[in-house]
Structures are given as structure tokens and as C-alpha cells.
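Visitor: I'm new to reading protein models, and I'd like a close look at one part of this one. Could you walk me through the helix that comes at the start of the chain and what it packs against?

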Amino acid sequence: MLIALEDVGRTIGLVLGRREVTADERLTEDLGAESIDLLNVMVTLEQKYGVSIDESAMAVVSTVRDLYDLVLKSPHVAIPPADPARST
């Protein structure tokens with residue numbers, strides 16, 4: 001799956017309630033994200049892209065671009081279907 005920086009920024013913006021999010025904006029200082037917001041962003045990105053983000057790696061994430069790079073480096077995981085009965 002191809003992951004675009006703009007798409008990650010858009011997803012972060014949706015979670016944080018922001019219309020415009022640029023790659024070099026800082027998550028806490030510029031976008032006002034608190035720790036629970038960062039957790040929500042992390043979980044949303046994991047679900048959307050099927051990756052497993054290391055929580056300890058989030059400690060060094062400062063900007064949208066940093067988070068994008070982390071998503072790219074994160075291992076992909078198998079996502080079970082939402083409805084097992086429909087997976088046949």
C-alpha cells in the first residue's frame with residue numbers, strides 16, 4: 001500500500017479537528033495535540049494503514065513528517081476482517 005504524506009496529514013487533521021495540516025507543523029505546539037490526541041492519532045493510523053506503531057517511538061515524534069516517517073518504518077500487521085462471516 002502506498003502511503004502519501006498528504007494523506008497522513010489529512011488523517012491527523014481529521015482526528016485533531018483541523019482543516020489544514022502541513023508536514024512541518026509540530027503536533028503539540030502548532031496543532032495543540034495532547035497525549036490522548038496523540039494516542040488517538042496513533043490508533044487511527046494503525047487501523048487505516050495496517051501497521052503497528054511502537055508507542056516508545058512516538059516519544060521522539062515532533063512533526064507531522066516525523067509521524068509519517070514512523071508509519072513508513074512500522075511493520076505491517078494482518079488486519080482481521082470486520083465481519084468474519086463476510087470474509088468467505
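Guide: Here is a walk around helix α1, with a quick look at the rest of the chain before and after.

Keep in mind that this is a predicted model. The protein chain has three helices and zero strands, so to speak an α-α-α layout when you read from the N terminus on. Of its 88 residues, 38% count as buried.

Now to α1 itself. Helix α1 covers residues 5-16, and one of its partners is helix α2, residues 35-49. How do you describe a pair like that? Two packed helices are described by the angle between their axes and the distance between the axes. For α1 and α2, the angle is about 135° and the axes are 10 Å apart. That angle makes α1 oblique to α2, and their crossing is right-handed.

Who does the touching here? On the α1 side you'll find D7, V8, T11, I12, V15 and L16, while α2 brings D37, N40, V41, T44, L45, K48 and Y49. Sort the residues of this contact by character and you get seven nonpolar, three polar and three charged. So much for the first partner.

The other pairing to look at is α1 with α3. Their axes come within 10 Å and cross at roughly 115°. Helices α1 and α3 are therefore roughly perpendicular to each other; the label applies to angles of 65 to 115 degrees. The crossing of α1 and α3 is right-handed. In this contact, α1 supplies L5, V8, G9 and I12, and α3 supplies V64, R65, L67 and Y68. By character, the residues of the α1 and α3 contact divide into six nonpolar, one polar and one charged.

If you compare the two lists, V8 and I12 turn up in the contact with α2 and again in the contact with α3. Try finding that pair in the structure.

Is E6, a residue of helix α1, buried or exposed? E6 counts as exposed, because its relative accessibility is 57% and the cut-off for exposed is over 50%. E6 also gives you a nice example of how the chain folds back: E6 and V64 are 58 residues apart along the chain, yet their C-alpha atoms are separated by 9.6 Å. V64 is the residue you just met on the α3 side of the contact with α1.

Stepping just before that residue, we get to T63. T63 counts as buried, because its relative accessibility is 13% and buried means under 20%. Leaving out residues up to four places away in sequence, T63 touches A23, D24, E25, R26 and L27.

Over on the other partner, V43 is found in helix α2. V43 is partly exposed, with a relative accessible area of 33%. From V43 to I53 you go 10 residues in sequence, and the C-alpha to C-alpha distance is 8.4 Å.

To finish, zoom out to the whole chain. Take the contacts between residues at least 6 apart in sequence: 57% of these join residues at least 24 apart. On the outside, the protein chain exposes about 5800 Å², and carbon and sulfur atoms supply 52% of that area.

Definitions and conventions. Residues are numbered from 1 along each chain as its sequence is written. This is a predicted model: local features need pLDDT of at least 70, side-chain atom pairs count only at pLDDT 80 or more; totals for chains, interfaces and linings use all residues. Side-chain values use heavy atoms; hydrogens and water are left out. Helices (H or I, at least four residues) and strands (E, at least two) are DSSP runs, numbered from the N terminus. Buried means under 20% relative accessible area, exposed over 50%, partly exposed in between (1.4 Å probe, protein chains only). Contact means heavy atoms within 4.5 Å. Accessible areas come from the Shrake-Rupley method with a 1.4 Å probe; for residues, only the protein chains shown count as cover. Axes are lines fitted to C-alpha atoms, for helices over the stretch in contact, and angles run from 0 to 180 degrees between N-to-C directions. Angles under 35 degrees count as roughly parallel, over 145 as roughly antiparallel, 65 to 115 as roughly perpendicular and the rest as oblique. A crossing is left-handed if the near helix is turned anticlockwise from the far one by less than a right angle, and right-handed if clockwise. Ala, Val, Leu, Ile, Met, Phe, Trp, Tyr, Cys and Pro count as nonpolar, Asp, Glu, Lys and Arg as charged, and the others, Gly among them, as polar.
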